[in-house]
Amino acid sequence: MSRDTKVVIVTGAAKGIGKQIAIDFAKAGYIPSLIDFDKNELESTLSEVTSIQKDAIAITCDVKNPDEIIQAVAETHNKLGDIHCLINNAGLSKWKSPYELSVDEWDDILNTNLRSVFLFSREAAKYMSQSGGGSIINMASTRAAMSEPHSEAYAATKGGIVALTHALAASFTDDYITVNSISPGWIHTGDYKELREVDHEQHLSKRVGMPADISRACLFLAQSDNNFITGENLTIDGGMTRKMIYEH
């Protein structure tokens, strides 16, 4: 591969937002390393991505397992070379009353959504620091700042990601690694045609979000020319968190 080729790691790449990010980064000239626990869906995504960038790889990984994270990042570096960008997109949600949510369920969500972000960032940064720097982009959520009932564990992880982002930005500054997060609102990953008019109209943007809205933002934050942006959280929600909502 070309010496100018950039490598991006995308976690949760098998479907949804992660899949779109992998495809769009491949179109932009990056070589993606696709990380997910769902081997079948991951292979399907890899097939699409390799039709654009033949050197892309897929690594089955349980992001709750620290050893598998270390191995996945090392394998990416060994096979593809210098790592330029990491996108921590893997996540899990569970809507359950706080009276009923078990400790194991709480730990499962925190280890999947939050601890994995720290571990992937630390491991990728070890390689980035040896090759002049890079970009880390963490997927948070507007639920870091506002909530519906029964979302405590998920909200805690997304709020943690926003805080972890600016902490890592400070820690990695001497290694020229930028760290930013994105807080998506409603991003519809299914059939867009199934949405109702009211779904779109409630947004200031007059439409529900799509995975490509997030991947374009990731591409922007990954550009080395944008390295003045670090420690920031970018909200992409069609204006919903800026809209006062009262019953008429």
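Trainee: Why does Tyr176 count as exposed?

Mentor: Keep in mind that we're looking at a predicted model. In it, the relative accessibility of Tyr176 comes out at 64%. The label exposed needs a value over 50%, so at 64% Tyr176 earns it. You'll find Tyr176 in the loop between helix H5 (152–171) and E6.

Trainee: What is the phi of Tyr176?

Mentor: Tyr176 has a positive phi of about 60°, although this residue is not a glycine. Lys206 has a positive phi too, near 70°, and is likewise a residue other than glycine.

Trainee: Why does Lys206 count as partly exposed?

Mentor: Try the cut-offs again. Buried is under 20%, exposed is over 50%, and partly exposed is what lies in between. Lys206 has 47% relative accessibility, so it counts as partly exposed. This lysine sits in the loop between helix H6 (197–201) and H7.

Trainee: And what makes Lys39 exposed?

Mentor: Its relative accessible area is 53%. The bar is over 50%, so Lys39 is exposed. Lys39 belongs to helix H2. From Lys39 to Ala13 it's 26 residues in sequence and 11 Å in space, C-alpha to C-alpha.

Trainee: How do you know that Ala14 counts as buried?

Mentor: Ala14 has 1% relative accessibility. Buried means under 20%, so 1% puts Ala14 in that class. Its place is the loop between E1 and helix H1 (16–27).

Trainee: Which residues is Ala14 in contact with, leaving aside its neighbours within four places in sequence?

Mentor: The list is Lys19, Asp36, Asp38, Glu41, Leu42 and Thr45. To count as a contact, heavy atoms must be within 4.5 Å. Glu43 gives you another distance to look at: 29 residues from Ala14 in sequence, yet 7.8 Å away in space, C-alpha to C-alpha.

Trainee: Let's move to the strands. What is the order of the strands in the open sheet?

Mentor: Seven strands line up as E3-E2-E1-E4-E5-E6-E7, and the pairing is parallel.

Trainee: Why do E3 and E7 stand at the edges?

Mentor: Each of them has a single partner strand, so one side of E3 and one side of strand E7 (233–236) have no neighbour in the sheet. On average, neighbouring strands in this sheet are turned by 20° against each other, direction ignored.

Trainee: How do you know that E2 and E3 pair?

Mentor: A pair needs at least two bridges. Strand E2 (residues 30–36) and E3 have four, in the parallel sense, so they meet the definition. Ile35 is opposite Ile59 in E3. Between these two strands, the chain goes from E2 through helix H2 (residues 39–50) to E3, in a right-handed β-α-β crossover.

Trainee: What makes E1 and E4 a pair?

Mentor: Again, at least two bridges are needed. Strand E1 (residues 6–11) and E4 run parallel and are joined by three bridges, so the definition is met. In E4, Leu86 is the bridge partner of Ile9. On to E4 and strand E5 (residues 134–139): four bridges, also in the parallel sense. There Ile87 stands opposite Ile137 in E5. The β-α-β crossover from E4 through H4 to E5 is right-handed.

Trainee: What makes both faces of strand E4 covered?

Mentor: Look at the side chains of residues 85–88. Cys85 and Ile87 lie on one side, Leu86 and Asn88 on the other, and all are buried. In strand E3 (residues 57–60), Ile57 and Ile59 point to one face and are buried, while Ala58 and Thr60 point to the other and are not.

Trainee: Last topic, the helices. Which residues in H3 and H4 meet?

Mentor: H3 brings Pro66, Ile69, Ile70, Val73, Ala74 and His77, and H4 brings Arg115, Ser116, Leu119, Phe120, Glu123, Ala124 and Tyr127. They divide into nine nonpolar, two polar and two charged.

Trainee: How do helix H3 and helix H4 pack?

Mentor: Their angle is about 35°, and the axes are 10 Å apart. The crossing of H3 past H4 is right-handed.

Notes:
Residues numbered from 1 in each chain as written. Predicted model: local features only at pLDDT ≥ 70, side-chain atom pairs only at ≥ 80, totals over all residues. Heavy atoms only, no water. Axes fitted to C-alpha atoms, helices over the stretch in contact; angles between N-to-C directions. Left-handed = near helix turned anticlockwise from the far one by under 90°. Nonpolar A, V, L, I, M, F, W, Y, C, P; charged D, E, K, R; others polar. Buried < 20%, exposed > 50% of the residue type's maximum accessible area, 1.4 Å probe, protein only. Right-handed = clockwise from strand over helix to strand, strands pointing away.
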